[in-house]
Amino acid sequence: MMSTATNSSAAAAAAAPLEISGLSITVQVDGESRPLLDKVSLSVAKGEIVGLVGESGSGKSVTSRSALGLFPGHAITTGSVVVDGVEVIGASAAQLLELRRTRASMIFQDPRSSVNPVRRLGDFLTEGLRARGVGRAEANRTAIGLLEEVGIRDPARAMRRFPHEFSGGMLQRIVIAGALSIGPRLVLADEATTALDVTTQAEVVALLKRLQAESGTGMLFVTHDLELAAALCDRIVVMYAGRVVETGAASAIFAEPQHPYTVGLLGSNPRLTGERATLTPIVGRPLALAEAPAGCAFRDRCPIAVPACATEVPALRPSRATEVACIMPGDEKAA
Amino acid sequence: MIFRLIGSRLLAAIVTMGVAAVVIYGSLRLIPGDPVSAITAGTRLTSEQRAALREKLGLNQGFVSGFTHWLGSVLQLDFGQSMVYGSSVNDLLAARMPTTVTLVLYAAALSLVLGLGMALVSATRPGIIDRIGLVVTSLSIATPSFVVALVLLGVFAVQLRMFPATGSGDGFGDMVYHLTLPAIALMVATFGLVARIMRATFREELVSEHVEVARSRGVARMDILRRHVVRNSVGPMMTITALLLAALFIGTAIVETAFGVDGIGQLLVVSIARRDFPVVQAISLLSVGLFVVTSTIADLALPFVDARVRAVGGLR
Ligand SMILES: Nc1ncnc2c1ncn2[C@@H]1O[C@H](COP(=O)(O)OP(=O)(O)OP(=O)(O)O)[C@@H](O)[C@H]1O
Ligand SMILES: [Mg+2]
């Protein structure tokens with residue numbers, strides 16, 4: 001027991017914060033198998049921000065939660081999820097506790113419901129450290145320092161206050177401080193800024209970026225907003241219907257998207273920067289993996305689909321600067 | 001603000017007590033025909049005795065002046081003389097109070113421990129355990145306490161002779177021993193409701209996002225239950241406890257009678273049978289008063305366990 005712990009932390013020094021490979025998840029719903037993820041692979045290197053982008057139901061949350069071993073109930077999980085050198089799939093309850101207390105932490109979408117409304121913010125902020133066995137005084141000191149860093153005035157007093165006394169933006173800063181309190185190697189931000197108004201969102205994103213750069217942790221930034229991801233992240237992973245359809249450097253994905261779905265995502269966002277402000281949303285409704293047709297899951301909504309798209313699920317292949325799962329990458333203009 | 005909350009709760013308590021007082025006093029006047037004949041049915045009275053009784057019950061006055069007269073004495077905690085025992089109602093109540101208070105608290109403790117325990121187990125273990133819990137709580141809710149009393153008497157007092165069948169004992173230890181079966185009878189009839197309501201409350205907290213966040217941080221299961229699930233359910237728990245105490249007090253009427261416990265519940269049953277109006281009125285007021293006091297305390301304590309209530313000065 002002791003020796004494995006030492007081994008894994010020795011390996012951790014070199015290990016990437018997150019390494020997901022070939023992750024497939026199937027749940028049982030009313031006696032039927034329902035696939036949620038199909039061979040998802042992605043990684044987050046030390047000091048790197050990776051954006052995980054896709055429409056609702058594409059499996060972003062299921063993927064990011066898997067890094068903490070938070071799988072859906074009655075799930076059959078195959079593949080590998082390695083966080084800071086620790087394999088999550090098949091991990092014991094004790095290993096998962098250790099992982100969550102020391103290696104990775106998650107920031108959820110709605111700060112208002114992330115924090116227990118009847119307890120003091122100090123209790124929330126120190127909970128992670130206390131779970132690890134850190135003494136109250138030391139945990140308090142750490143928390144106060146972090147509150148200062150995320151820009152909360154009079155941190156000592158804020159520790160004794162309650163969540164309803166803060167605005168959503170301030171509260172999300174406090175939630176971020178709570179997530180960073182354990183000094184994680186990996187931060188998972190699941191739509192962490194989506195619930196905030198535009199100005200606050202910009203501030204919180206800037207704060208996240210600054211703290212991430214200072215601490216050098218890896219971050220998986222989950223969002224449905226590809227433009228935001230392109231502005232914040234080093235690399236981007238685009239998901240559709242439980243599969244990765246395109247991945248590459250943020251600049252490449254933004255400048256030269258290869259997958260028609262990625263092109264659609266960029267087109268469906270009102271551009272704040274570009275000169276053409278035409279909005280071309282993707283036609284149709286996003287699919288979950290369970291409802292996806294054979295072959296490419298996107299083909300029913302794809303403007304350039306051909307009959308060959310129905311034959312098999314396209315594998316990720318390099319195309320120009322990105323890797324893309326499409327048999328006719330970058331061909332939209334030709335159609 | 002907090003003072004508005006206190007003010008409005010106290011006002012509500014006073015209004016409730018006032019309405020209850022009117023109803024309780026009015027029940028005497030509502031007896032069809034001559035209340036004195038109804039009360040003394042079966043006993044021969046001289047016309048002087050009748051007149052004295054009319055005078056004593058305030059029946060010679062109008063409703064309003066009779067009520068204010070009665071209320072005046074009640075407010076000085078004077079409930080008059082028992083028409084059956086001859087002694088003052090206060091003495092009758094004071095002699096029986098320790099027994100009944102002990103019984104109610106004893107039963108409440110049992111009911112809360114079992115009810116909350118079951119609620120927590122059911123809420124955290126969906127599936128077969130939860131389903132068994134549902135059956136058990138349904139039985140508890142559906143079974144009247146006198147049925148439980150008869151079964152307990154038959155098994156533990158008559159067959160096994162583990163507990164006495166009647167009486168309320170001398171001294172505190174002996175009293176607790178004598179009150180064990182009655183308390184269990186009350187518990188069996190009440191814990192199911194506690195378990196049901198608190199199971200729903202715990203469930204709601206268990207699936208809440210702050211519990212999910214705590215889980216994602218590696219907080220130990222017991223700490224999640226204690227600091228998130230149970231902690232956030234303290235408000236409903238206080239409300240349940242307040243209602244439970246009032247229900248148990250009323251429940252003592254049946255259970256004390258079944259087990260021959262000389263307490264206030266039994267006194268109420270006897271006094272109703274003998275139409276001992278001053279005693280019935282006093283115990284009725286006492287029971288309303290208990291309900292008003294416990295639920296007001298529960299409401300006023302809410303801001304201390306839930307800071308949000310303190311801020312808005314009202315209920316969620
Ligand atoms: N516990 C579960 N049981 C069954 N199906 C689930 C479960 N959790 C998620 N799903 C399904 O998996 C799919 C992907 O869900 P997920 O929450 O990962 O999507 P998402 O990309 O995060 O979407 P959103 O932008 O709406 O958050 C959805 O179709 C969802 O219904
Ligand atoms: Mg999601």
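Helices here are DSSP runs of H or I with at least four residues, and they are numbered from the N terminus. The model is predicted.

**Exercise 1. Fold of chain B**

State what pattern chain B follows along the sequence, and how many helices and strands its secondary structure comes to.

Solution.
- Step 1. Read chain B along the sequence: the pattern is α-α-α-α-α-α-α-α-α-α-α-α-α-α.
- Step 2. Tally the elements: chain B has 14 helices and 0 strands.
- Step 3. Add the dimensions: the C-alpha trace of chain B spans about 80 × 60 × 35 Å along its principal axes.

**Exercise 2. A helix pair**

Classify the packing of α7(B) against α8(B), and give the handedness of the crossing.

Solution.
- Step 1. Locate the helices: in chain B, α7 covers residues 145–159 and α8 covers residues 171–206.
- Step 2. Take the geometry: they pack at an angle of about 140°, and their axes are 9 Å apart.
- Step 3. Apply the cut-off: angles over 145 degrees count as roughly antiparallel, and 65 to 115 as roughly perpendicular. The pair fits neither class, so α7(B) is oblique to α8(B).
- Step 4. Assign the hand: α7(B) passes α8(B) in a right-handed crossing.

**Exercise 3. The site of ligand 1**

Describe the shell around ligand 1: its nearest residues, its polar contacts and its residue classes.

Solution.
- Step 1. List the neighbours: 14 residues surround ligand 1, and A:Ser56, A:Gly57, A:Lys60, A:Ser61 and A:Val62 come nearest.
- Step 2. Sort the shell by class: 5 residues are nonpolar, 5 polar and 4 charged.
- Step 3. Find the side-chain contact: an N or O atom in the side chain of A:Lys60 is 2.9 Å from an oxygen atom of ligand 1.
- Step 4. Turn to the backbone: a backbone N or O atom of A:Ser58 lies 3.3 Å from a ligand 1 oxygen. A polar backbone atom of A:Val62 is 2.9 Å from an oxygen atom of ligand 1.
- Step 5. Gauge the burial: ligand 1 alone exposes 630 Å², and the protein buries 66% of that.
- Step 6. Map the elements: β2 (32–44) and α2 (60–66) of chain A each give two or more residues to the shell. α2(A) gives the most, with 3 residues.

Notes: Residues numbered from 1 in each chain as written. Chains lettered and ligands numbered in written order. Predicted model: local features only at pLDDT ≥ 70, side-chain atom pairs only at ≥ 80, totals over all residues. Heavy atoms only, no water. Polar contact = N/O pair within 3.5 Å; in protein donor to acceptor, adjacent residues only side chain to side chain. Areas by Shrake-Rupley, 256 points an atom, 1.4 Å probe, with all protein chains shown as cover. Nonpolar A, V, L, I, M, F, W, Y, C, P; charged D, E, K, R; others polar. Axes fitted to C-alpha atoms, helices over the stretch in contact; angles between N-to-C directions. Parallel < 35°, antiparallel > 145°, perpendicular 65-115°, else oblique. Left-handed = near helix turned anticlockwise from the far one by under 90°.
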